Structure formats: structure tokens, C-alpha cells
Amino acid sequence: MKILLANPPWITKDGYGVRAGSRWPFISSLEKNGKRGYVPFPFFLSYAVSFLKKHKKNVILIDAVAEGLTDAVFLERIKNYSPNVVVLETSSPSINADILIASSIKNKSKNIKIVLAGPHVSIFPFQILEKYDYIDYILIGEYEYTLLDLIDCLEKGEGYFNVLSLAYREGDMIKINKRRPTIRDLNSLPWPERESLAIYNYNDGFCDLPKPNVQIMASRGCPFQCSFCLWPQVMYNEHNYRKRDPKKVVDEMIWLINKYDFKAIYFDDDTFNIDRKYVCDICNEIKNRNFKTPWAIMARADLMDEELLKFLKQSGLYAVKYGIESADNEILDRCDKDMNLERSIQSIKVSKELGIKVHLTFCLGLPGENEQSIKKTIRFIEEISPDSFQFSLATPFPGTKYFEFVRQKGWLLSEDWTDFNGNGRSVIRTKDLSKEYLERMLIVLQTKKYTL
């Protein structure tokens, strides 16, 4: 059986879509030189492919977003490979384009089994299967083991009732099986597939992180309860924190540098610094192995302190990305961020003093946002002076507590999923601010054309 997994094309008049590997799928603009800037690594897809290969399956991976493929070229690649099964990772803002691609694949070969994965279809498996008869299966949530079980069933001609986290048809009935627990032993997964991908096209170059850089994961999950955060609520369906063996993490780092000559590594964990001892174990392993390549992390600022930051710096930490969202404590409390803002400020200052570059992320339009809270956040940025920062529009992806909150309040203004692009379009209003104001303010903040 021939299997093809894909991050399908997503090209619009405004730029290119960022889907697989992103917790915040959106439309990104091309850079002035016409090249793509931020391109995340498709972790679920790539781990699923390496896991299938480990079990002797005949499988390939196409990342059409990283390669910049058009629909026509992508479909031709599928035709040339002639797979029996095609697995597409989807998202809410891209779902219409994803469904269209799935239809085109099926039209070219009725015998191909079409499988969808990703957060959007994980929330709406029944609706998707009911509406689109050419979609055969849906993988719900974290899907490496689910996909392997499905492929085994297809090869053996067995039923699917024991395949956890699978949605499918049985005659005229739509079946949705019990949810699979998340993978407790991440070491059971081989390193993600990279060899067949356009590996130098992936980039998360915040704070001028040297290029080419590579994205890896040491852990999955986050115990915090942020109402807007997509993966813990939808892909994991829980808030457990799971870790890989530190030695195996550093083995992968060294292999990537030696084989591909990357100039930097970025840990794109949900939250890298949840477990202090685990962070120190990785740092000790890096130091003991004399690893000199700069690396960066996604972390919570209020879990840092001077001692830990010094240890990270001594181990080669180049930059850190802190999710702040807002400088207004009331907004942070309303979205269940549970963050100590004063401690975060101190951690940011210490990071900068130690020479660790700091990138801050902010979310515009969370519950309680008003003109005064935006001014407070602007003053925060001016006083902290991070090396770089970014703003996104608060986007209530289905399956999150934030989605249900704005819908109940009557603040959800669209359920046309193509509107759910937090890099330019607001689908909500707040008690005090209109969607038009939020969209205008995003442009002001992104271009830094504000005055206090």
C-alpha cells in the first residue's frame, strides 16, 4: 500500500498560508524579495511519516507550503506517486481550500482513500463526513498512532471499531471512536522525517536567529489553561506535559548540525521551560557534549529567574520567545493566562542584561481589551524595548474556551472559516472595540506607527 501525507497548498491573493506546524494558522505576506519568511516545520506530519516508516510502511511526505507548490503542481505530484491513501493536514482558515484539494484528488482517482487530520476536523468530524462524501476518514487530535492503526486495518481488510480517535463511515452511519490518550512516551517516536523535505525553507527567524535554522521539539503539552490556545485544547484534548529523553534531544541537535549544517536551532515546544530540572538536564547535556551552535526557545517569562537564565546563557541560549499577550493584568486573568506580569517583566530585563535576545508576542482583542489596555501594552513595549515583537488578532478557533466565550457573548461576528486569519482579519469584537478598530490598530502596531 502506498501512502502520501501532505501539507497541501494554501496560496491566496494576500500571500501564503501557514498551517501545519503552526498553533495559530494564518495568511503571511511575502517578503520584499518575494521569498517566504516564517515557515513552520510540520511536526505532526513529519513524526507520523517517520513512525510509519519505522513500521515498514511505504510512505512519502509533501509539504506544499514549504515548497511553494501550486494546486496544479501538487496534484501532479500525487498523480505521479499514485498513492492508495492520501492524508491531508487541515486548519480552520484553510479548510475550504483543503476540502477543494481533497475533492480534486478524489476526482482524479476514485480509489484513493482521503484522510483529513488537524484541529478543525478534530472538532467537526461528523459534520465533515456528513457533508463531503469523498472524505473517507478523519484522524482526531494527535494522530501518529491513529494513522498507523488505520493503515494496518486497511492493509488487513479489518474493521475500524478498535482504532481510537478515528471517524469514518460504516454503511450509512458515521462512527466516531473513543478518543485516544495522548502519547505518554515521546521516545517511542523516531525523529521526524526531514530528508525528503525542503529543509532549508523552514524558518522562524525572530531576533535575527541565524539562517538556515531548524525547528525541533523536546516536549509536548502545557499545564496552563490559556483559553485561546489551540493545541492543548484540541490536538491534545488535555494539559499534560510530556518530555523526551534529554540525551536523545541533544543527539538530534548534533545530528542536524552535522548532517545539514544548520546555523541555529529553535525549540518550538508548547512551553519549553515548564520543568526546571528538565531544562537543566538538557543544558547539562549540551555543555557536556560541547555543542556550540546557538539555540532558541519558546518559554513563559514568569517561570524564569536569574539563576536559570544564566545557566541557559552558559549553555548557548541565543534568544527566547515569550508569550505576553497583553500588559493588562485584567485581560490576562480573563483569558486564564495565569501569568505573573511583574515577574515576567523582571525575567525579560534579566534576559536582555545577560545578552539573550528577546522576542515578545501579543494578542490584540482578548476579553476586556479597550483603548486604555492597548495603550498600556504599547507603553510596556516602549519601556521593555524587546529585540523584536509581534501582534496578532485574537482569533477564537473552534474547540477552544475562547470560541465558546465570544459566541455566548454575541461577539463572534463570522463563522466563515476563511475569515479566521489573525494576521489581518478580526472575527470578533470586544465590549468596547469594533472589529474595524481592531483591524486598523493591528496595522498601526505591526508597522509601529503609534504615538503615546
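Colleague: In what sense do β3 and β4 pair, and over how many bridges?
Modeller: In this predicted model, Gly 17 stands opposite Ile 27 in β4, which is one place where the pairing can be followed by eye. Taken as a whole, β3 and β4 pair in the antiparallel sense, over 3 bridges.

Colleague: Which strand does β2 join, and in which direction do the two run?
Modeller: A hairpin of 2 residues leads from β2 to β3, and Ile 11 stands opposite Tyr 16 in β3. There are 2 bridges between β2 and the strand made of residues 15–18, and the two run antiparallel, so the partner, by the DSSP bridges that define pairing, is β3.

Colleague: What is the order of the strands in the open sheet of 3 strands?
Modeller: The edge strands of this sheet are β2, at residues 11–12, and β4, at residues 26–28, each of which pairs on one side only. The pairing is antiparallel, and the order is β2-β3-β4.

Colleague: What is the order of the strands in the open sheet of 7 strands?
Modeller: This sheet has mixed pairing, and its edge strands, pairing on one side only, are β5 (58–63) and β10 (173–176). From one strand to the next the twist averages 20°. Read across the sheet, the order is β5-β1-β6-β7-β8-β9-β10.

Colleague: Which residue in β8 does Leu 116 stand opposite?
Modeller: Strand β7, residues 113–117, and strand β8, residues 137–139, run parallel and are joined by 2 bridges. In β8, the residue opposite Leu 116 is Ile 138.

Colleague: At about what angle to β6 does helix α4 run?
Modeller: Helix α4 is formed by residues 95–108, and it lies across both β6 (85–89) and β7. Relative to β6, the helix runs at about 170°.

Colleague: How many disulfides does the structure hold?
Modeller: A disulfide needs two cysteine sulfur atoms within 2.5 Å. For Cys 222, the nearest cysteine sulfur is that of Cys 226, at 6.4 Å, and for Cys 229 the closest is again in Cys 226, at 6.0 Å, which is too far for a bond. For the structure, the number of disulfides is 0.

Colleague: Is Cys 229 buried or partly exposed?
Modeller: The class of buried residues stops under 20% relative accessible area, and Cys 222, at 10%, falls within that class. Cys 229 has a relative accessibility of 25%, and therefore counts as partly exposed.

Colleague: How many residues apart in sequence are the parts that Phe 51 and Tyr 145 tie together?
Modeller: The structure holds 27 aromatic pairs, and one of them, formed by Phe 51 and Tyr 145, is tilted, with 4.6 Å centre to centre and 50° between the planes. Phe 51 lies in helix α1 (residues 43–54) and Tyr 145 in helix α7 (residues 144–156), so the separation in sequence of the parts that the pair ties together is 94 residues.

Colleague: Is Tyr 145 buried or partly exposed?
Modeller: Its partner Phe 51 is buried, with a relative accessible area of 2%. Tyr 145 has a relative accessibility of 27%, and so it counts as partly exposed.

Colleague: What kind of pair do the rings of Tyr 132 and Tyr 134 form?
Modeller: Both residues, Tyr 132 and Tyr 134, are buried. Their ring centres are 5.8 Å apart and their planes stand at 55°, so the pair is tilted.

Colleague: Which residue lies over the face of Tyr 47?
Modeller: Over the face of Tyr 81 lies Lys 2, at 4.4 Å from the ring centre. In the case of Tyr 47, the distance from the ring centre is 5.2 Å, and the residue is Arg 220.

Colleague: Where is the place of Phe 228, and how far from Phe 228 in space is Pro 396?
Modeller: Phe 228 is in the loop between β12 (219–220) and α8 (230–235), and its relative accessible area of 7% makes it buried. Leaving aside neighbours within four places in sequence, its contacts include Trp 24, Glu 325, Leu 366 and Tyr 402. Phe 228 and Pro 396 are 168 residues apart in sequence, while in space, C-alpha to C-alpha, the distance is 6.4 Å.

Technical notes: Residues are numbered from 1 along each chain as its sequence is written. This is a predicted model: local features need pLDDT of at least 70, side-chain atom pairs count only at pLDDT 80 or more; totals for chains, interfaces and linings use all residues. Side-chain values use heavy atoms; hydrogens and water are left out. Buried means under 20% relative accessible area, exposed over 50%, partly exposed in between (1.4 Å probe, protein chains only). Helices (H or I, at least four residues) and strands (E, at least two) are DSSP runs, numbered from the N terminus. Axes are lines fitted to C-alpha atoms, for helices over the stretch in contact, and angles run from 0 to 180 degrees between N-to-C directions. Contact means heavy atoms within 4.5 Å. Rings of Phe, Tyr and Trp (its six-membered ring) pair if their centres lie within 6.5 Å; planes under 30 degrees apart count as stacked, over 60 as edge-to-face and the rest as tilted. A charge sits over a ring if NZ of Lys or CZ of Arg is within 6 Å of the ring centre and within 35 degrees of the ring normal.
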